[in-house]
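Student: Please take a close look at one part of this model, beginning with the loops and their backbone angles, and then set that part in its wider context. I would like one connected account rather than a list.

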Number of protein chains: 2
Amino acid sequence: MARFFIPKEKLDENFLVLTGENAAHAKVLRLKNGDEVTVCDAEGTDYRCTVSDVAPNQISLVVQAVCPSDSEAKVRCSVYMAFAKGDKFEHVIQKATELGAYEIVCFPSARCVSRPDEKSLKKKLERWQKIAASAAEQSRRGRIPQVIALPSYKAALARAAEAELKVCFYENEEQLTFRAAIEAAPFTTAAILTGPEGGFETEEVQQAADAGLKICTLGSRILRCETAPLCALSALMYACGEF
Amino acid sequence: MARFFIPKEKLDENFLVLTGENAAHAKVLRLKNGDEVTVCDAEGTDYRCTVSDVAPNQISLVVQAVCPSDSEAKVRCSVYMAFAKGDKFEHVIQKATELGAYEIVCFPSARCVSRPDEKSLKKKLERWQKIAASAAEQSRRGRIPQVIALPSYKAALARAAEAELKVCFYENEEQLTFRAAIEAAPFTTAAILTGPEGGFETEEVQQAADAGLKICTLGSRILRCETAPLCALSALMYACGEF
């Protein structure tokens, strides 16, 4: 079934209208009267609709039912990833959105080679949010994860520490498995934190532990900085009964 | 510790020599007498060595111990992925190698847009095998997964069916979770099969079931064809106690 995002303020519980890019998309799909479509507020609520009129730049819909999206994960997992070189973060935004991340947070850490300045960051954030929106639509999510940039490693730790399950992955950790951390106690919110190309420094790992994060291994193979968060997120979704 | 792959036939249990690309790599690492390095046969055996002599194009090593690689997964998971457009398969080879795949197999299916002919496939296989080798080295694996191309969907099903756990992922499956398939019985070999951009056809899913594969869901979000195998592999490694 076709799926369209409409900003919450333009939503109505009885009648909806697809305009602009949504109308263009509807045209490509050749929607006609009677077809069923889903409209999402991008915050987890779905509007099941039927097409009632097709005009050149406007598709009218009648709302049949309003219900919570059935494609959102029960666990709210925030993906914290240190700034990485090239388009690695864009890759992680796209994939983490597909995999059901609640939000995606980037931050600087000691070994980050890439450190966008404020001006370029503002531009990047716009672009990153678009990537999340497009991936959310494609994967039929009911929510668009927010992409957030934090000014410091300390700020990332403080924010991640608010989650019920909070984990920092470190390649030199050999004892605590992610499974042990997941199975230690029930949780509905999670934060998974991974480092840049060169990994975290020992001191940073200590800071994470001091902030209340569990230091975990992702196994005996060294994962690239863009692979680690997606591996951890996939495992978390599996562990939480998503598939 | 630095890690080098040497073909099995050039290995010796007492003395080893790094030449060619390995010597060039050793030079970049500025190895000197007494340094410890690991040499792998790329089939799961590690040779722990000490540098005994450094010449311009040749590094001599004394073998201290021969042991099974400690970075290979206990489960042998074969990743079966239908031909995909662009460089998606290359992406999957790299990531699946990091994540511990035993081998990576590609095959044609009904909705494949990309279908390399025999000549271009031969060239591609060489390139793909190099990607696997490079990813194995970078992730410190003891084995280089083989990249295999099969001529038909039927051949892929027949080969996948030989594994103890064999699963075909289908986005319209709503009942059987991957977890249910994994927990049904113990296994040491697994095959996970995923489709091309447009997914599998209903008939193909039936053929997979007839061949003995379990048809499973990867959750309520639609994953891209390059995301699905890596999500499934990450979850499998987690489920098998790798991290």
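Tutor: Helices and strands are here DSSP runs, of at least four residues (H or I) and at least two residues (E) respectively, numbered from the N terminus. The model is a predicted one, and the loop to begin with, in chain B, joins strand 3 (36–40) to strand 4 (45–55) and contains Ala42(B). Although Ala42(B) is not a glycine, its phi is positive, at about 70°. As a background to that value, most residues other than glycine have a negative phi. Ala42(B) counts as buried because 21 C-beta neighbours lie inside 10 Å of it, the cut-off for that class being 20 or more.

A second loop of chain B, between helix 3 (118–138) and strand 8 (146–149), holds Arg140(B), which is likewise not a glycine and has a positive phi of about 65°. Arg140(B) also counts as buried, because it has 20 C-beta neighbours inside 10 Å.

Turning from these loops to the partner chain, 31 residues of chain A are in contact with 31 residues of chain B. On the chain A side, helix 2 (88–98), helix 5 (178–183) and helix 7 (228–239) each supply at least two residues, and helix 7 of chain A provides the largest share, seven residues. By class, the residues on this side of chain A comprise 12 nonpolar, 10 polar and nine charged.

Within chain A, the assignment gives domain 1 (2–68) and domain 2 (76–239), whose C-alpha centres are 33 Å apart. Eight residues of domain 1 of chain A are in contact with six residues of domain 2 of chain A, and on the domain 1 side strand 1 (2–5) and strand 4 (45–55) of chain A each contribute at least two residues. That side of domain 1 is made up of three nonpolar, two polar and three charged residues.

One strand of chain A completes the account: strand 2 (residues 15–18) has Leu16(A) and Leu18(A) on its covered face, whereas Phe15(A) and Val17(A) are on the uncovered one. Strand 2 runs antiparallel to strand 5 (residues 58–68) of chain A, the two being joined by four bridges, and Phe15(A), from the uncovered face, stands opposite Val62(A) in strand 5 of chain A.

Key: Residues numbered from 1 in each chain as written. Chains lettered and ligands numbered in written order. Predicted model: local features only at pLDDT ≥ 70, side-chain atom pairs only at ≥ 80, totals over all residues. Buried ≥ 20, exposed ≤ 12 C-beta atoms within 10 Å, placed from the backbone. Pairing = 2+ DSSP bridges. Contact = placed C-beta atoms within 7 Å. Nonpolar A, V, L, I, M, F, W, Y, C, P; charged D, E, K, R; others polar. Domains from an automatic or database assignment.
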